[in-house]
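Okay, thanks for squeezing me in. I've got one model to walk through, so have a look at the screen and I'll pick out a few spots.

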Amino acid sequence: TEAAEFSDIYKLDVLPIPANRPNQRKDENDQVFKTRREKYNAVIKKIEEAHAKGQPVLVGTASVDASETVSRMLKRSKIPHTVLNAKYHRQEAEIIAKAGQHGAVTVSTNMAGRGTDIKLGEGVAEVGGLFVIGTERYESRRVDRQLRGRCARQGDPGLSQFFISFEDDLMRNFAAADRMTAMMERFGMQEGEALEHSWLNKSVETAQKRVEQRNYTWRKRVLEFDDV
């Protein structure tokens, strides 16, 4: 995703390195909800389903605040879990390494605990491997992909899915959320019902590209000042 910037600014090429073993991860379509509340309820329901069959879940959030909201809701649903949010960086690697154990639920900000291998516990591959749930699309596609890439390491099975709402910052600012919300109301969508379609994934990616482009322009501008 950053190839253009490396080429323009540093005159460097980007080479993708193929995976060591074939990727077995299944990326499900995004689930798009009207409000944040409906989105979080759906996330908790999904975690309950996976937890019931012993599948470990890693929940990625875009901020410490969001991770604490998810944690509060999980406490209410009496689901044992660990929270990881750059507050406890010493324990971070230990916590994330255990995220692949049978029935484990780990809530983490997108940035926390990266670079640590998540090995699957016994019997986890049989129930589908680690399930990564994103509670929001990040401004940059790269960070979302890093979150997705935490499951299905070294040819392990894995599953990933993002849950987003039209109240999320990215959707509100860059993805014509008000138009979509009006459309959902016109179709008479029920409370808690989700939209799911591959073109919705595309429109979210377009919004992310816009933000990336804007940030790139800012960085380029600073560089131009620096060259003066």
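Let me kick off with a question: does alanine 152 count as buried or exposed? It counts as buried, at 14% relative accessibility, because the cut-off for buried is under 20%. And before anyone asks, this is a predicted model, so everything I quote is computed from it.

Let's stay with alanine 152 for a moment. This residue is in the loop between α5, residues 141–148, and β7. Its phi is positive, about 65°, although the residue is not a glycine. Alanine 152 also turns up in a pocket: it is among the residues closest to the centre of the second largest pocket, along with Gly149, Cys151, Arg153 and Gln154. That pocket has a volume of about 270 Å³, and 18 residues line it. Sorted by class, the lining comes out as eight polar, six charged and four nonpolar.

There's another non-glycine residue with a positive phi, and that's lysine 78, where phi is near 60°. Lysine 78 is in the loop between α3 and β4, the strand at 82–84. With 73% relative accessibility, lysine 78 counts as exposed.

Okay, on to the largest pocket. Its volume is about 310 Å³. Which residues come closest to its centre? Out of 15 lining residues, those are Arg36, Ala62, Ser63, Glu136 and Asp169. Three helices each put at least two residues into the lining: α2 at 36–52, α3 at 64–76 and α6 at 169–174. The largest share is from α6, which supplies four residues. As for chemistry, the lining has six charged residues, six nonpolar and three polar.

Since α2 has come up, let me show you two residues on that helix. First, lysine 39, which sits in α2. This lysine is buried, with a relative accessible area of 0%. So what does the side chain of lysine 39 make a polar contact with at 2.9 Å? That would be the side chain of aspartate 168. There's also a backbone partner: a polar atom of the lysine 39 side chain is 2.7 Å from the backbone oxygen of threonine 135. And then there's a ring: lysine 39 lies over the face of tyrosine 40, 4.9 Å from the ring centre. While we're on charges over rings, arginine 137 does this too, over the face of phenylalanine 162, at 4.5 Å from the ring centre.

The second α2 residue is valine 43. Valine 43 is buried as well, with a relative accessible area of 0%. Have a look across to glycine 134: the two C-alpha atoms are separated by 8.9 Å, and the residues are 91 apart along the chain.

Last topic, the aromatics. In general, you describe a pair of rings by how far apart the centres are and by the angle of the planes. How many aromatic pairs do we get here? The count comes to two. One of them is phenylalanine 6 with tyrosine 10: the centres are 6.0 Å apart and the planes are at 40°, so that pair is tilted. These two residues are four apart in helix α1, residues 3–10, which means about one helical turn separates them. Phenylalanine 6 is partly exposed, at 37% relative accessible area, and tyrosine 10 counts as exposed, at 51%.

Then we have phenylalanine 33 and phenylalanine 163, a stacked pair with 6.4 Å between centres and 10° between planes. Phenylalanine 33 is in strand β2, residues 31–33, and phenylalanine 163 is in strand β7, residues 157–165, so this pair ties together parts that are 130 residues apart in sequence. Are these two rings on buried or exposed residues? Phenylalanine 33 counts as buried, with 2% relative accessibility, and phenylalanine 163 counts as buried too, also with 2%.

If you want to click around afterwards, I'd go back to lysine 39, with aspartate 168 in polar contact with its side chain and the face of tyrosine 40 under it. That's me done, happy to take questions.

Definitions and conventions: Residues are numbered from 1 along each chain as its sequence is written. This is a predicted model: local features need pLDDT of at least 70, side-chain atom pairs count only at pLDDT 80 or more; totals for chains, interfaces and linings use all residues. Side-chain values use heavy atoms; hydrogens and water are left out. Rings of Phe, Tyr and Trp (its six-membered ring) pair if their centres lie within 6.5 Å; planes under 30 degrees apart count as stacked, over 60 as edge-to-face and the rest as tilted. Buried means under 20% relative accessible area, exposed over 50%, partly exposed in between (1.4 Å probe, protein chains only). A charge sits over a ring if NZ of Lys or CZ of Arg is within 6 Å of the ring centre and within 35 degrees of the ring normal. On a 1 Å grid over the protein atoms alone, a cavity is a set of points where a 1.4 Å probe fits but cannot get out, and a pocket is an open set with protein on both sides within 12 Å along at least five of seven lines; lining residues have an atom within 4 Å of a point. Grid points are joined across faces, edges and corners, and a volume is the space filled by probe spheres set on the points. Ala, Val, Leu, Ile, Met, Phe, Trp, Tyr, Cys and Pro count as nonpolar, Asp, Glu, Lys and Arg as charged, and the others, Gly among them, as polar. A polar contact is a pair of N or O atoms within 3.5 Å; within protein, one must be able to donate a hydrogen and the other to accept it, and residues adjacent in sequence count only if both atoms are side-chain atoms.
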